[in-house]
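Visitor: I would like a close look at a single part of this structure, set against the chain that holds it. Please take your time over it.

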Amino acid sequence: MDCPDCGAATVTFAVPDGLDEFDEPAAALCTRCLALHSVQESDPNPDFTAVSDAFPTGAAAVPMALAVGLLDSLVLHRETVEMLLERVEQAGTDPLLVIDRLANDPTLDPKTDLATRRRQVAQLRD
Ligand SMILES: [Zn+2]
């Protein structure tokens, strides 16, 4: 589907069990504004490099995508974001480095101020 916010393409993927924030079994991350939308259908082989070359692949990809989508409402979803970023780390990726790279990716137009959110996330994790 296309992003309802900006009209760009999205990457759809299955949401793991146990995340109360998500009503639907799947989510779609916008490849331009990084908004996260609930959807019904997921792509069994989501290609997160469509979002950015900076995006991790493998086990880090889905928790990173969910965390990026929730950064917009970090205060509300603080515990979930922290848990997701821990999963990214456990998969061998530095989530703060990914947020940095996304913030500096000229092909993106994030609706969230990623540089500010990165600082807030770093503070939460101290
Ligand atoms: Zn969008």
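Guide: What follows is a close look at one helix, α1, and then at the chain around it. This is a predicted model, in which local features need pLDDT of at least 70 and side-chain atom pairs count only at pLDDT 80 or more, while totals for chains, interfaces and linings use all residues. Residues are numbered from 1 along each chain as its sequence is written, and side-chain values use heavy atoms, with hydrogens and water left out.

Helix α1 covers residues 61–70, and because 10 of its 10 residues are buried, the helix is largely enclosed by the rest of the structure; buried here means under 20% relative accessible area, with a 1.4 Å probe and protein chains only. The buried residues include Ala61, Val62, Pro63 and Met64 at one end of the list and Val68, Gly69 and Leu70 at the other. They pack against the strands β1 (10–14), β2 (26–30) and β3 (36–39), and also against the helices α2 (78–90) and α3 (95–103), where contact means heavy atoms within 4.5 Å.

Along the sequence these elements belong to the pattern β-β-β-α-α-α-α, that is, four helices and three strands, taken as DSSP runs (H or I, at least four residues, for helices; E, at least two, for strands) and numbered from the N terminus. Of the 126 residues of the chain, 46% count as buried. Among contacts with a separation of 6 or more, 55% join residues 24 or more positions apart. The C-alpha atoms fill a box of roughly 35 × 35 × 25 Å along the principal axes.

Technical notes: Buried means under 20% relative accessible area, exposed over 50%, partly exposed in between (1.4 Å probe, protein chains only).
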